[in-house]
6 protein chains.
Amino acid sequence: MRADGRKYDESRPVEITTGFIKFAEGSALIRCGDTVVLCNASVEDRVPPHVRPGCGWVTAEYSMLPRANRERSRRDVDKLKLSGRSAEIQRLIGRSLRAAVDMRRLGERTITIDCDVLQGDGGTRTASVTGGFVALALACRGLLEQGLVKAMPIRHYVAGISAGIVDNVPMLDLQYSEDSRAMVDLNCVMNEQGGIIELQGTGEGRAFTAREQQELVALCAQGNARLIQLEKNILGEIL
Amino acid sequence: MRADGRKYDESRPVEITTGFIKFAEGSALIRCGDTVVLCNASVEDRVPPHVRPGCGWVTAEYSMLPRANRERSRRDVDKLKLSGRSAEIQRLIGRSLRAAVDMRRLGERTITIDCDVLQGDGGTRTASVTGGFVALALACRGLLEQGLVKAMPIRHYVAGISAGIVDNVPMLDLQYSEDSRAMVDLNCVMNEQGGIIELQGTGEGRAFTAREQQELVALCAQGNARLIQLEKNILGEIL
Amino acid sequence: MRADGRKYDESRPVEITTGFIKFAEGSALIRCGDTVVLCNASVEDRVPPHVRPGCGWVTAEYSMLPRANRERSRRDVDKLKLSGRSAEIQRLIGRSLRAAVDMRRLGERTITIDCDVLQGDGGTRTASVTGGFVALALACRGLLEQGLVKAMPIRHYVAGISAGIVDNVPMLDLQYSEDSRAMVDLNCVMNEQGGIIELQGTGEGRAFTAREQQELVALCAQGNARLIQLEKNILGEIL
Amino acid sequence: MRADGRKYDESRPVEITTGFIKFAEGSALIRCGDTVVLCNASVEDRVPPHVRPGCGWVTAEYSMLPRANRERSRRDVDKLKLSGRSAEIQRLIGRSLRAAVDMRRLGERTITIDCDVLQGDGGTRTASVTGGFVALALACRGLLEQGLVKAMPIRHYVAGISAGIVDNVPMLDLQYSEDSRAMVDLNCVMNEQGGIIELQGTGEGRAFTAREQQELVALCAQGNARLIQLEKNILGEIL
Amino acid sequence: MRADGRKYDESRPVEITTGFIKFAEGSALIRCGDTVVLCNASVEDRVPPHVRPGCGWVTAEYSMLPRANRERSRRDVDKLKLSGRSAEIQRLIGRSLRAAVDMRRLGERTITIDCDVLQGDGGTRTASVTGGFVALALACRGLLEQGLVKAMPIRHYVAGISAGIVDNVPMLDLQYSEDSRAMVDLNCVMNEQGGIIELQGTGEGRAFTAREQQELVALCAQGNARLIQLEKNILGEIL
Amino acid sequence: MRADGRKYDESRPVEITTGFIKFAEGSALIRCGDTVVLCNASVEDRVPPHVRPGCGWVTAEYSMLPRANRERSRRDVDKLKLSGRSAEIQRLIGRSLRAAVDMRRLGERTITIDCDVLQGDGGTRTASVTGGFVALALACRGLLEQGLVKAMPIRHYVAGISAGIVDNVPMLDLQYSEDSRAMVDLNCVMNEQGGIIELQGTGEGRAFTAREQQELVALCAQGNARLIQLEKNILGEIL
């Protein structure tokens, strides 16, 4: 029995509010327990130089508001440095969301997903992937409805969740009080077929076995399936 | 008659949600029409070097989320520069909120008010002053309730609003579509006695007369009185 | 009677040396009492992207030399940050000087006014506006004399001065020793018709009334009228 | 059969030169095929503020020389930004090497492992972990030999290697020409017991199944076992 | 015969105004022909960590105002980088002025010499050395007069000048129009005994012989002797 | 007799390994005693804006790895600043190597020489010039062999070495333990005809006479002649 009464394989309640910001081409506020992330997708008609002609690009930026956590942290601009943690996380989000998109269908456009954590209670990076996917899909649907693309550029539903080993018990969707005690921590991004897109496991307190790792991935698969069902409820069948 | 049906001396509907973020010592989400600012107050037990012994300090930081506006803007950290506009605005907010506080009563503490604009539709700096004041007062009340200060450090209610001249008509509380056409723009921060704390007027399209300036201040006085009444409804009598 | 023997409505002696720097298209060294600012106008044949076709742009940069004040301050480049105070001030100077110029007549050119404070004794921002206007007008006259513009791009004389309330007495043109004790501080930029272009008032020690504010503006109007007369003596009738 | 004639489960030849730099407390130049990384460990008698009293800290920095790759890249200092890729990688190396150390035995010291890639041909992050471990162990042995610590602070051998799926074939230790065509890419850091410390898998071209993921981990386990044997040959039994 | 009528071994007229800025402990405005540098010395009661106990430190900063030259240059803070040229020059000035000072006599103080070029027409680095020396000596004299040091910390007069080879003719004290055509350029800092403190020669257009180099040093010796005589006229005998 | 048994006019053993890095157009690892610098030349088909049409450009970057010295130093990117020392040195290297090249023959290309100090024991800047020249010459030979240039763009062999006065004895090629005690330090870059390209002398401990300076230059001439002979052995006759 966990601190908030959840079972070991139970994820926190998730709520996604679409259209939270009226200007963004796609906007979703995601709440996973006490973790709150505002995800906004912006479409621009240009691509970075490394992209092949005729193709589009998807990228993500991740940031914590200064008081998203128990203690205030200085703004990145005040330190003139993007925090290493944010750099690592936004690269994960970007890779995850690119896997959801058919870049030829998107055409020569960049969609930037801004994930700003308003409140952090564990699992902000995976909440950003899930909320960011909804914002991305809304922006793509807008392109389709306006006739700017011929077919829906989304080719997969994508969601992310974490699992970890706390007191030697594998658990799904750690909140902060669990996360800070976890020996092993694993983030997993999957698509609607259960295919793995991103997998990041860290033995912070001790190493873990291949078997333990498989258990954690299996837990994440359950959680991600529920998240993708939620995405389908919100977005409908978009593939 | 204005675009949204308001009268020339009518301000937009204002809604303030307290406790929006659970970690901050004071938290308020303010909506003024379509302008939405998250204001969080953080208390820290140290003061900058220039502060006199026994006294506290209040400072503010202001930032726009990248997609708060019609077009996405690059993050400050990406440019390695705080935007000049943000620097100007956060200095205004800081001066305004310091005027609300008795620094001796506060004691050797710093309260930082983070104002993050989630959506911008004109008047973000004055909404930040009003929402920031509520967050500040909540943090101060917490200090009092925990016995960390002996008397309430707030000595004035403070609120801010803008007015401007559009098509030669003075109007209160410009929204973005009015603001972008305004010839003259004036921001005014006042206390519960109608005393002026900050006044910033700019003749962007043409110069203005002392009489016009007085009319704009009088409009702001009306708007600020209503805002301070709202603050009293939320906070009660705290002086 | 004030520290330096001036009357409450008397401004400090002002001296403007034109052509202080031989390379700039317009150059003026302004001395207001012990405040000394070097103002140089540079003309470049390009405009920033936000400017409408066929129009010009005017912008300002403001900086204090490290030893302009009683204590040495570190250079901005050493801190890798433009100081917030400089950012605020150079935006004020830029807005003020843009109000002096007919951007169509200027054509697709940018005039940058660099205001470098060699010595600061209060009123550096308003001295920068006044000295910067002279540099700007000289640069515009040069464009006219060389046939690069068809009509003088200056449409108004512009000058700036401060006033404040010290020991409850409103006073014009505060020097540093007065400024540091002032309860209320107001900067005002006006044109040759007495029209207000920029107005910034701050109640640092206490709030102020609308009546007090009017008195301070009236004092500034006197001071600015004298400054504009000085500008006419130097530049001749240029409108 | 692979481009360089290796079998699918064969890693590149690895050569580790210890003492490459004479000043560092631990120094190792690692060559994995054409990937060359200089790893230097520096011991300092202070720890960052977040470390518990009596404990030490291990951290890593990773950088590519400008011409480590096929095309020259600008230096980070020239862009005033640590590249996001470097930030992500040095966090991985730091976590991996901290798992090798008993922080109580280390005492209040920081060991910084600088990993500078002289030539990059795929697998630079895992080569940095392996080479960095040797430099770290040498520095720890020095502390023991000088009597500055009472027991060897190393508690595990640690090594890292990558595997990936190229043309649907799982392969160990991708070189650049394989890596750039890989559909799936996985990095794995392990200890001498086969325990997993870090696991990062990415489906760049397509998602992957849990079974594929297990195959890749199994390949890495083979490669890491060989690397740890090499570490034992170089360092002797140090646990 | 040179462009401005000078003979090949004739330096430009030099004028040094002391006390140009009233706040600095030492202040000198130096004009060498059309080159104008404001040199201010600031005394602070602390030294950088590398300085031996009981000793002082002297350092210099050098900067060009944006419009010191024929074309406006962007401010360093705008680029977030000290220009490489400024970095090179301020190191030269710092080394030159440290050679003038007895650090034991100075005691645990830092004197910072700010050299800001108001107008540049060649020879700004050597003008900074000469003007900076006067500012430094004035600050040291002030320390002596206030009884803060027991003996004058200056142990040598120091001055700097340049020479170069233009059209195969060695010439003293190049102005910009000569400097930009020079094949060889040499800067030389000397003391009152003719001892060399800094020597920097560059063959920009062609290499030069040891004999040519000796001729250029001999020219500089003549120029520096005249500059040191001027310093003595201004400062009196201070050794 | 010197610490390492060398005679006063004897330089340290020098070893140059070409092709150390396989990707660079020219690569040389130079060892001068315990000083080790990796010099890589990269060719790019564009030139900076200030270069005349039809001509090429040569530039250099210099950096120390964090643990090149007795104590670890923070990376430049961590401080967000290129160190002033590195800025000064890379300008020297760039000027020296430009003197070796006929820019018309090079055509509209930039060759960047990256000099990264792996281990520093005195004389890193002159070792960078010598090693950098070999890398540059190799890159130029590659251009010739590929038919991209019609004639060899190298017009001079270039090498650099230092000399200094230690205990009043002039000595060639100071190592760190000598350099840190030297009263006078001089760096000299020369070509195959003994022509001087760069000369930088500093009296850190005391001033020096013109005669002493000539002795130091004469010592450097001996050392540079030997270095240029080594370059010829490696590169063959390339002029």
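User: Which residue in strand 8 of chain B is the bridge partner of B:I165?

Analyst: Happy to help! This is a predicted model, and in it B:I165 is bridged to B:V184 of strand 8 in chain B. That pair belongs to a longer ladder: strand 6 and strand 8 (residues 184-191) of chain B run antiparallel and are joined by eight bridges.

User: Which other strand pairs with strand 6 of chain B, and over how many bridges?

Analyst: Strand 7 (residues 169-172) of chain B does, antiparallel and over four bridges. Within strand 7, B:M171 stands opposite B:G164. Two residues lie between strands 6 and 7 of chain B, which form a hairpin. In its turn, B:D167 has a positive phi of about 50 degrees.

User: Which way do the residues of strand 6 of chain B point, and are they buried or exposed?

Analyst: Start with the general idea: side chains in a regular strand alternate between the two faces of the sheet. Here, B:V158, B:G160, B:S162, B:G164 and B:V166 point one way, while B:A159, B:I161, B:A163 and B:I165 point the other way. All of them are buried, so the strand (residues 158-166) has nine of nine residues under 20% relative accessible area.

User: How are chain D and chain F related?

Analyst: Try laying one copy on the other. A turn of 180 degrees with a shift of 0.0 Å along the axis places chain D on chain F with an RMSD of 0.0 Å. The two copies are therefore related as by a two-fold rotation axis. In chain D, the residue closest to that axis is D:V77, with its C-alpha at 2.2 Å.

User: Why can we say that the copies meet through the same surface?

Analyst: Because 100% of the interface residues of chain D are also interface residues in chain F.

Note on methods
Residues numbered from 1 in each chain as written. Chains lettered and ligands numbered in written order. Predicted model: local features only at pLDDT ≥ 70, side-chain atom pairs only at ≥ 80, totals over all residues. Heavy atoms only, no water. Buried < 20%, exposed > 50% of the residue type's maximum accessible area, 1.4 Å probe, protein only. Pairing = 2+ DSSP bridges. Least-squares fit on C-alpha atoms with pLDDT ≥ 70 in both. Contact = heavy atoms within 4.5 Å.
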